[in-house]
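Colleague: I would like to go through this model and ask what each label rests on.
Modeller: Go ahead.

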Protein chains: 2
Amino acid sequence: MASTIRDVARSAGVSIATVSRAMREPSIVSVETLRRVRAAADELDYTPSQLGRQLAERRHGANGIVFPDLSGPYYGEVVVGYEDVASELGRAVLILATHGRPAAREMITRLAGRCDGLVVLGHTVSDEALLELAERGVPLVTVARPPVAGVDSVAAENHRTAFALATHLADSGARSVVFLGNPDRSPDVTERRAGLFAGAREVGLEVSELRVETMDEQGGAVAAEHLCQQPALPDAIACANDELALGLMTALRERGVVVPRDVLVTGWDDVMAARYAELTTVRQPLRDLGATAARFLDDLIAGRRAEPRIEVLPTELIVRSSSSPRER
Amino acid sequence: MASTIRDVARSAGVSIATVSRAMREPSIVSVETLRRVRAAADELDYTPSQLGRQLAERRHGANGIVFPDLSGPYYGEVVVGYEDVASELGRAVLILATHGRPAAREMITRLAGRCDGLVVLGHTVSDEALLELAERGVPLVTVARPPVAGVDSVAAENHRTAFALATHLADSGARSVVFLGNPDRSPDVTERRAGLFAGAREVGLEVSELRVETMDEQGGAVAAEHLCQQPALPDAIACANDELALGLMTALRERGVVVPRDVLVTGWDDVMAARYAELTTVRQPLRDLGATAARFLDDLIAGRRAEPRIEVLPTELIVRSSSSPRER
DNA sequence: CGGCACGGTGTAACCGGTTTCAGTAACCGG
DNA sequence: CCGGTTACTGAAACCGGTTACACCGTGCCG
């Protein structure tokens, strides 16, 4: 059994208050007392119990972060950016992956009981659940989901870059484009879709939509099959994320469709595989998203902020050969 | 301010002991009392403080996991496999990324004070530090690092599959192979190297080694430059991980070297990009590593195990065109 | 020389739960 | 009608820290 503050106090011949003071603010005890307490603490190799401390201070010294998954390359980067800043600020980081489970709400509530505040990423839990937490006074920051009233939010730019993407496709010779994705799966997707549609309309690009069940490589393959059964392919396919685009391109190739000759393809996220597949895509400042969220949360916890903040970080169109200009 | 057990007790006209019992074991209080306590708890919307509970029960109900980073595709998967099982078991998960920081040791010690046990991945902290924790009675499981005396360990098979990889390369017509990696960076790499060397010797493959500073795409590019300056390329290059191999292949291509015609290349990990680059590699059961570690740790914490266990999960050679047989 | 400020310390009341132990009332069999 | 279970409940001790407050001695000032 580890030794407690009372053991140290007894052994040093002082009161527990003095031990506590010696541990947390050495300058306010006399040098002689400090020496004795230090010696006793070393002797018993005493480490203050985090639990005792947390209870007395009424704070956990920990932040939570909630995300749907960690499989893709996406959330891992955000989490690492977050962890980096949080641990810099001396706080522990609790994680929770919801995996689209319906029990997510209770899991998050439980998590909230273990930390001083939390960051919620993407498609994990309802706005309603977040509002309830906010109402209970839990400091909250959302990342990559549309702002919830009164809650701090950090996101990557979607609309404008999707708009630019439409322009780029038109410049590359496309006359028609299909947006591939599932807007129900994530609010980001909804924004990308809206941006693309707006841009397409602006430059006179014919635009339509194809919904997929899953936003992974499998979904891309299914879409490829569907598109190949149509009388004609569109000029371009703008996918809601890279995994879709990669699965789509692989399946198209197997059917003899050559990208970009027969159809232009774009993704979103700039995952590592996109470089190797020469996929045009959009890069997001993933670590920055996490880091910014961590700083926002810290401000909230410390009570340094009243007005809710909304931050949108810029994204960047990365043009590769999957969308290079078509010959007429 | 949230309400406490005493508020509920007062409002329900019972003692705090009864409230506690009603919350955790409803069957042992009378139906009438239960009803009153429930009503009061609802009314005040009372949630038992995790901190109070933890202090009284002398357990955190949380596990820690320590890893070097989360950037690559590697650790993210392990962490997610771990989180999945741990949260299934009703425990919270604390993460800590060391990023090769020298302060890692203190960070881990602090982390250990906030949880009931921890899992340590790969190249994060010295064996000595782990032994000290183990001695202090912290339940410990290591993943992907060589077993430390008395500590549970889970790892993926390296030696045998690396041996098989050497055989495969010889079968594909290679007469010489270079192992590319940095054995100091990770114990896994050391084992892969040893397995490859053993296999190469067995099948009469000439084998040598090229060390790189960093085990990422950049490192692969540097290696490509170095190799191209030699009088002749080896027949095959076995890289310690996929990122190295991918960087290497890209840089080789830029120099007009064609894979697999001019040289065979293999990686290790089977990251997503490896599929798109048609890279021969070795797949590891990443989620299983995490999940197994979580179960081991749970057994340790529950005191169900005395003898330290060492588990080695099988890996699988994935042959793609980057190592397909050369024509003579 | 009296009073005051101040550095240093101890006592005890918290923080919010769990759990032991003892006590009471209802119920049972003899 | 009595002794012994049985079912429930409450008082109080505990988990391991922090901190408000009181206290004491010393040095300084008027």
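**What the labels rest on**

Modeller: This is a predicted model. In it, a polar backbone atom of B:Ser49 lies 3.0 Å from a phosphate oxygen of DNA strand C.

Colleague: What makes the pair at B:Ser49 and DNA strand C a polar contact?
Modeller: The limit for a pair of N or O atoms is 3.5 Å. The phosphate oxygen and the polar backbone atom of B:Ser49 are 3.0 Å apart, so the pair counts as a polar contact.

Colleague: Which side chains have a polar atom paired with a base nitrogen of DNA strand C?
Modeller: In the side chain of A:Arg21, an N or O atom is 2.8 Å from a base nitrogen. For B:Arg6 the distance from a polar side-chain atom to a base nitrogen is 2.7 Å. Both pairs are polar contacts because the limit is 3.5 Å.

Colleague: How many residues surround DNA strand C, and which are the closest?
Modeller: There are 28, and the closest are A:Thr18, A:Thr33, B:Ile5, B:Arg6 and B:Ser20. By class, twelve of the residues in this surface are nonpolar, ten polar and six charged. H2(B) gives the largest share, five residues.

Colleague: Which part of DNA strand C do the atoms within 4 Å of the protein belong to?
Modeller: Sugar or phosphate accounts for 56% of them, and bases for the rest.

Colleague: Why are B:Ala129, B:Leu130 and B:Leu133 said to be on the same side of H7(B)?
Modeller: These three residues are buried in helix H7 of chain B, residues 127-135. They cover an arc of only 100° around the axis, and this puts them on the same side. In general, an α-helix has 3.6 residues a turn, so residues three or four places apart point the same way.

Colleague: What is on the other side of H7(B), and is it buried or exposed?
Modeller: B:Glu128 and B:Glu135 are there, and they are exposed. Exposed here requires over 50% relative accessible area, whereas buried requires under 20%.

Colleague: What do the buried residues of H7(B) pack against?
Modeller: They pack against helix H6, strand E3 and strand E4 of chain B. After H7(B) comes B:Gly137, with a positive phi near 90°.

Colleague: How much area do chain A and chain B bury between them?
Modeller: About 3900 Å², with 57% of it on carbon and sulfur atoms. On the side of chain A, the residues that lose the most area to chain B are A:Leu51, A:Arg114 and A:Tyr276, together 19% of what that side buries.

Key: Residues numbered from 1 in each chain as written. Chains lettered and ligands numbered in written order. Predicted model: local features only at pLDDT ≥ 70, side-chain atom pairs only at ≥ 80, totals over all residues. Heavy atoms only, no water. Buried < 20%, exposed > 50% of the residue type's maximum accessible area, 1.4 Å probe, protein only. Helix = DSSP H or I, 4+ residues; strand = E, 2+ residues; numbered from the N terminus. Arc of directions from axis to C-beta. Contact = heavy atoms within 4.5 Å. Near = heavy atom within 4 Å. Polar contact = N/O pair within 3.5 Å; in protein donor to acceptor, adjacent residues only side chain to side chain. Nonpolar A, V, L, I, M, F, W, Y, C, P; charged D, E, K, R; others polar. Buried area = accessible area lost by both parts, 1.4 Å probe.
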